[in-house]
Amino acid sequence: MYLEAIDVIRGLWTTSGYTHHGEFYHMDDVTIVPKPQQLPHPPIYMSADKTPAHVEAAADRRLPVLAAFILDHED
């Protein structure tokens, strides 16, 4: 749902008359106003944990990743 929502938000920000029929969201000919002034759209960062699937999802969308990895160590 999260990944599809990111795709929908980007589509709405960049496309007038946006149509989407996904697993969770469905819309036809939707236009939002006002459009963001930043082009192509405001920055979007994806969070990622230790799983490669999250990093791959961000890479597929060409989005930067915010990640925090905790290293196990003894003080």
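# A guided tour of the predicted model

Of the 75 residues in the protein, buried ones make up 23%. The model you have open is a predicted one, and the stops below lead you through it one selection at a time.

**Stop 1: the whole chain.** Begin with a cartoon view of everything, in which you should be able to find two helices and four strands. If you follow the chain along its sequence, these elements come in the pattern α-β-β-β-α-β. Among the contacts between residues at least 6 apart in sequence, 24% join residues that are at least 24 apart.

**Stop 2: helix α1.** Next select residues 2-14, which form helix α1. This helix has 13 residues and reaches 19 Å from its first C-alpha to its last, which is close to the 18 Å expected at 1.5 Å a residue. Now colour Glu4, Ile6, Val8, Gly11 and Leu12, which are the buried residues of α1. As you look at their positions, keep in mind that an α-helix has 3.6 residues a turn, so residues three or four places apart point the same way. Which strands do the buried residues of α1 pack against? Show β1 (18-21), β2 (26-30) and β3 (46-48), and you will have the strands that these residues pack against.

**Stop 3: Glu4.** Stay in helix α1, where Glu4 has its place, and show the side chain of this residue. Glu4 is buried yet has no salt bridge, and the nearest side chain of opposite charge, that of Arg61, is 8.4 Å away. What, then, does the side chain of Glu4 reach? One partner is the backbone nitrogen of Phe24, which the side chain of Glu4 reaches at 3.1 Å, and the backbone nitrogen of Tyr25 also lies 3.0 Å from a polar atom of the Glu4 side chain. If you leave aside the neighbours within four places in sequence, the residues in contact with Glu4 are His20, Gly22, Glu23, Phe24 and Tyr25.

**Stop 4: the hairpin of β1 and β2.** From Glu4, move to strands β1 and β2, which form a hairpin with four residues between them. The two strands run antiparallel and are joined by three bridges; to see a pair for yourself, select His20 together with Met27, its bridge partner in β2. Then show the side chains of β1, remembering that in a regular strand the side chains alternate between the two faces of the sheet. In β1, Tyr18 and His20 make up the covered face, whereas Thr19 and His21 make up the uncovered one.

While you are in this region, select Asp29, which has its place in strand β2. The phi of Asp29 is near 55 degrees, a positive value in a residue other than glycine, and Asp29 is exposed, with a relative accessible area of 59%.

**Stop 5: the loop between β2 and β3.** Follow the chain onward into the loop between β2 and β3, where you will find Val33 and Pro34. The peptide bond from Val33 to Pro34 is cis, with omega near -5 degrees. Val33 is exposed, with a relative accessible area of 70%, and if you draw a line from its C-alpha to that of Ser16, the distance is 9.3 Å, although the two residues are 17 apart in sequence. Pro40 has its place in the loop between β2 and β3, and the peptide bond from Leu39 to Pro40 is also cis, with omega near 5 degrees.

**Stop 6: the salt bridge.** Now select Arg61 and Asp7, whose side chains meet in a salt bridge at 2.9 Å, N to O. Arg61 lies in the loop between α2 (52-60) and β4 (65-67), while Asp7 is in helix α1, so the pair ties together parts that are 54 residues apart in sequence. The structure holds one salt bridge. Are the two partners buried or exposed? Arg61 counts as buried, at 18% relative accessibility, and Asp7 counts as partly exposed, at 27%.

**Stop 7: Arg62.** For the last selection, choose Arg62, which lies in the loop between α2 and β4. Arg62 has a positive phi of about 55 degrees although it is not a glycine, and this residue is exposed, with a relative accessible area of 77%.

Note on methods. Residues are numbered from 1 along each chain as its sequence is written. This is a predicted model: local features need pLDDT of at least 70, side-chain atom pairs count only at pLDDT 80 or more; totals for chains, interfaces and linings use all residues. Side-chain values use heavy atoms; hydrogens and water are left out. A salt bridge is a side-chain nitrogen of Lys or Arg within 4 Å of a carboxyl oxygen of Asp or Glu. Buried means under 20% relative accessible area, exposed over 50%, partly exposed in between (1.4 Å probe, protein chains only). The expected span of a helix is 1.5 Å times one less than its number of residues. Contact means heavy atoms within 4.5 Å. Lys and Arg count as positive and Asp and Glu as negative; His and the chain ends are not counted. A polar contact is a pair of N or O atoms within 3.5 Å; within protein, one must be able to donate a hydrogen and the other to accept it, and residues adjacent in sequence count only if both atoms are side-chain atoms. Two strands pair if DSSP finds at least two bridges between them.
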